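Thanks for coming. I will go through one model today, starting with an interface and then moving on to single residues.

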Amino acid sequence: MSKRLLLLGASGNIGTQALDLLEKDSSYELVGVSVGSNLSFLENFLSSWKQSAITHVYLNGSEEDIARFRSLFPNVFFYRGEKGLGELVKDCPADYVLNAIVGFAGFLPSYVASSLGKTLLLANKESLVVGGALINEQLAAHHQKIIPIDSEHAAFAKCLDAAGGRPIDRFIITCSGGPFYRKTLSELSNVTPEAALSHPTWKMGKKITIDSATLFNKGFELVEAGYLFGIDPSSIEVRVDRRSHVHSAILLKDGTYLADVGPSDMHGPIGYALSLGKGHSGVIETKDLASIPGTDFEPFDAEESPAIQLVLQGYRLGGTALASLNAANEEAVHLFLEKRIPFLSIYEAARLSLSFPIVKEGDPRWGYEALSEADHAARAAIRKRYLEKP
Ligand code: NDP
Ligand code: MG
């Protein structure tokens, strides 16, 4: 019997690659999707998708947009608004949710999916960065586990599977170094959005590409791995593989390294997640072993990266601290892309966010609302700081 799936962020970089695979995968029945503001993509998709009946859809649009879509597609339930993604996850008759939304907007649907015991295939790392503790409580209550799509985390999951319970010495996360590898902060003061968007190895959405240039992405990935695998994020070793062939590795106590090696093509990790970690075939191009370069990892000092240190500091503060940092980063990235602030202000915004009030775990106010309020307050503070003249 086919598995019913809800695909969130269908119009994005990961979402469209997931659709490439779902188009040919008869083990899934796609029943719902979400998009942000790309309504022409949605209209085109709903008119052309013939593999299954799409019954539930979220769009980030106005009441008029919803009315127009309802008249075009009368058999579909449409959702919008701040709580709409949560309602979509609740109502859509899917047991599997692939979340490829970018940013904090992806947290509510991940939280609702985990609270309902649905199987979550997760690309939206921000869900775990801002609310990993809340999501993990829900997963534990339903004996569920997230299936990661982020390439480093899919690599860890595969390596752990291969380790078969043998004792682990450490996790090693790889990093391409991004477009500004080996540049000092002072050399980055005048970089343009165009330069920051030219990632050496991966083609991704704009926000994660800037996060890769600042290295906030690597900081977020340490926290993501922490919640996924129950480890201390600061215990993970970061190594640079400029070609992104080694997607990550673990070192066993017996001295053996297990690594996931392959082309930098996100169809691989998405296919891994869709196979529910069981493995897939025909998704990525297989290369002859001789054509894959060796492991010429370069050393990397995570203590030298302000982004990684700020994220780890936020993690240690706990509660809503990383929700504030994530929101400050999202706003600052947005302002940088609009050429309203320089690149280095992204670090300044994140640093500032760690001084914002924190609601801690155990406080009666702790929960989704506290995270959402911290997100809103941090965005407002960052916009005020950079857009209002004193
Ligand atoms: P994109 O920007 O390409 O796509 C983001 C998706 O989220 C789009 O469908 C967009 O809709 C939707 N979206 C944006 N804002 C909102 C909102 N407020 N409400 C509802 N939907 C919204 O990003 P990516 O595909 O690159 O990344 C998606 C996630 O996957 C991120 O969390 C990223 O960190 C993670 N990831 C991505 C990788 C990659 O290779 N791209 C690798 C590893 C992780 P629309 O375009 O219609 O506005
Ligand atoms: Mg990654």
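How many salt bridges are there between domain 2 and domain 3? The count is one, where a salt bridge is a side-chain nitrogen of Lys or Arg within 4 Å of a carboxyl oxygen of Asp or Glu.

Before I go on, the ground rules. This is a predicted model, in which local features need pLDDT of at least 70, side-chain atom pairs count only at pLDDT 80 or more, and totals for chains, interfaces and linings use all residues. Residues are numbered from 1 along each chain as its sequence is written, chains are lettered from A and ligands numbered from 1 in the order in which they are written, and side-chain values use heavy atoms, with hydrogens and water left out.

Now the layout. The protein is divided into domain 1 (3-144), domain 2 (151-302) and domain 3 (318-387); these bounds come from an automatic or database domain assignment.

Back to the interface. The C-alpha centres of domain 2 and domain 3 are 26 Å apart. In contact terms, meaning heavy atoms within 4.5 Å, 19 residues of domain 2 touch 15 residues of domain 3. The size of an interface is often given as the accessible area lost when the parts come together. Here domain 2 and domain 3 bury about 1400 Å², 80% of it on carbon and sulfur atoms; buried area is the accessible area (1.4 Å probe) that two parts lose on being put together, summed over both. On the domain 2 side, Pro193, Thr214 and Phe216 lose the most area to domain 3, together 33% of what that side buries.

The salt bridge between these domains pairs Lys339 with Glu194, at 3.3 Å from N to O. There are also three residue pairs in polar contact across the interface, with both residues at pLDDT 80 or more. A polar contact is a pair of N or O atoms within 3.5 Å; within protein, one must be able to donate a hydrogen and the other to accept it, and residues adjacent in sequence count only if both atoms are side-chain atoms.

Which elements give two or more residues to the domain 2 side? They are helix H8 (193-196), helix H9 (206-214) and helix H10 (216-229). Helices (H or I, at least four residues) and strands (E, at least two) are DSSP runs, numbered from the N terminus. H9 gives the most, with six residues. By type, that side of domain 2 has 12 nonpolar, three polar and four charged residues. In this count Ala, Val, Leu, Ile, Met, Phe, Trp, Tyr, Cys and Pro are nonpolar, Asp, Glu, Lys and Arg are charged, and the others, Gly among them, are polar.

Two residues with positive phi come next. Leu215 is in the loop between H9 and H10, and has a positive phi of about 80° although it is not a glycine. Lys339 lies in the loop between helix H13 (321-337) and helix H14 (345-353), with phi near 60°. Are they buried or exposed? Leu215 counts as buried because its relative accessibility is 14%, whereas Lys339 is exposed at 56%. Buried means under 20% relative accessible area, exposed over 50%, partly exposed in between (1.4 Å probe, protein chains only).

Now salt bridges within helices. In H9, Lys207 and Asp211 are four residues apart, about one turn of the helix, and their closest N and O atoms are 2.7 Å apart. Lys207 is buried at 12% relative accessible area, and Asp211 is buried at 2%. In H10, Lys218 and Glu221 form a salt bridge at 2.6 Å, and both are buried. Lys218 and Glu221 also belong to a network of salt bridges with Lys125, Asp150 and Glu152.

Helix H15 (residues 368-387) holds Ile382, which is buried at 0% relative accessibility. The C-alpha atoms of Ile382 and Ala349 are separated by 6.6 Å, though the two are 33 residues apart along the chain. H15 also holds Asp375 and Arg379, whose side chains meet in a salt bridge at 2.9 Å, N to O.

Last, domain 1. Asn99 lies in strand E5 (residues 96-99) and is buried at 0% relative accessibility. A polar atom of the Asn99 side chain lies 3.1 Å from the backbone nitrogen of Ile101.
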